[in-house]
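I opened the notebook to record what I looked up in this structure, entry by entry. I begin with burial and end with single residues.

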Amino acid sequence: MGSSMPLSGTTDLGMIQKNFIRGFINYRYSYGNEYYRHDMKAPQGVVSYFRSNITNLTINYGLDNQFLVEAEFAYFIEKYENYTLFDQTTSGLSNLNLGARYNLLYDRNENFEVTIGGLIRIPFPNKQEYEELNIHLKPSSESYGFIFNSFIKKQIQEIDLYLFLVNRFEFNFNNRFKFRYGNTYYNSFFALKKITGGLNGVLELRNEIRQKDRFEDEVICDSGGFLFIISPQLSYTIGNLGISVAFDYPFYKYYNGIDKQPALKYNILLNLFWGLKI
């Protein structure tokens, strides 16, 4: 469903104080060994199974209490496809996203926050030996783009429960091969509840929608679709340091087109996050 994804496994995505640095290192393992036609499982295709290992580094810096700048950096440790008789694997830099966020509303009495932001995607070039490979196997789409996001947080103090709504839209331009990934929408709802001390339980429900790809301005019918994902998570924090783990399970999948498409089976995520006042 695409190579990028908003941070999962942590809900600490709101505003930060002036001169405060917040960082995330996110690792995601993805695996799939099934084919789907629309929302029905289909016979096995040419790819027996696929997997990917990707790391993301995100840095936020608070210019003041309402405005922060941020950078997102992605690197594929591995993108792998097995075709029974042979396999293909790649690795390399994916993209760099640079942008900012602005706090529209923060009500301390109601424990309510609304923040919006945007980023510019700057792709890295792929290695020369990957030139002839399937576009979806390459670490970088080599496509510039824009990203828009919003973040809403509400605390219910009576039961010590935090609710989050995170939305992200990614717009892609044509790359040098005149290929354009479909635009992608991510909509996540989190509920966070303290278990004990610094240990928190999180349940995320996420919807991922990707529009159809295009090649030379012609729509590729057998591309795109949408997923509904449930993601139980645990996080543990000590001061400004924390770690979280998550398991993404797509309980509903729909893939566009007449032909079958390889389908995601699950993601496993690990996040490390920290904060530092300078």
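Entry 1, burial. I looked up how much of the chain is buried: buried residues are 46% of the 278 residues. I note here that the model is a predicted one. I then looked up the exposed area, which is about 13,800 Å² for the chain. Carbon and sulfur atoms supply 61% of that area.

Entry 2, elements and overall size. I looked for helices and found zero, while the strands number 18. The radius of gyration is 19 Å, and the globule rule gives 19 Å for 278 residues, so the chain is as compact as a globular protein of that length. I also looked up the extent of the C-alpha trace, which spans about 60 × 35 × 30 Å along its principal axes.

Entry 3, contacts and charge. I took the contacts with a separation of 6 or more and found that 62% of them join residues 24 or more positions apart. Next I looked up the charged side chains. There are 28 positive and 28 negative ones, and the centres of the two sets lie 3 Å apart.

Entry 4, strands β4, β5 and β6. Which way do β4 and β5 run relative to each other, parallel or antiparallel? I found that β4 (residues 49-62) and β5 (residues 67-82) run antiparallel and are joined by 14 bridges. One pair I looked up is N53, which stands opposite E78 in β5. The two strands form a hairpin, with four residues between them.

I then followed β5 to its other partner in my notes, β6 (residues 87-107). This pairing is also antiparallel, over 14 bridges. F76 has G92 in β6 as its bridge partner. β5 and β6 form a hairpin too, again with four residues between the strands. In that turn, T84 has a positive phi of about 70°.

I reminded myself that in a regular strand the side chains alternate between the two faces of the sheet.

Entry 5, positive phi in loops. Most residues other than glycine have a negative phi, so I wrote down the exceptions I came across. K178 is not a glycine, yet its phi is near 65°. I placed K178 in the loop between β9 (161-172) and β10 (179-180).

E216 is not a glycine either, and its phi is positive at about 50°. Where does E216 sit? I found E216 in the loop between β13 (214-215) and β14 (218-219). Its relative accessibility is 47%, so E216 counts as partly exposed; the partly exposed class lies between 20% and 50%.

Definitions and conventions: Residues are numbered from 1 along each chain as its sequence is written. This is a predicted model: local features need pLDDT of at least 70, side-chain atom pairs count only at pLDDT 80 or more; totals for chains, interfaces and linings use all residues. Side-chain values use heavy atoms; hydrogens and water are left out. The radius of gyration is taken over C-alpha atoms; the globule rule is 2.2 Å times the number of residues to the power 0.38. Buried means under 20% relative accessible area, exposed over 50%, partly exposed in between (1.4 Å probe, protein chains only). Contact means heavy atoms within 4.5 Å. Accessible areas come from the Shrake-Rupley method with a 1.4 Å probe; for residues, only the protein chains shown count as cover. Lys and Arg count as positive and Asp and Glu as negative; His and the chain ends are not counted. The place of a charge is taken as NZ of Lys, CZ of Arg, CG of Asp or CD of Glu. Two strands pair if DSSP finds at least two bridges between them.
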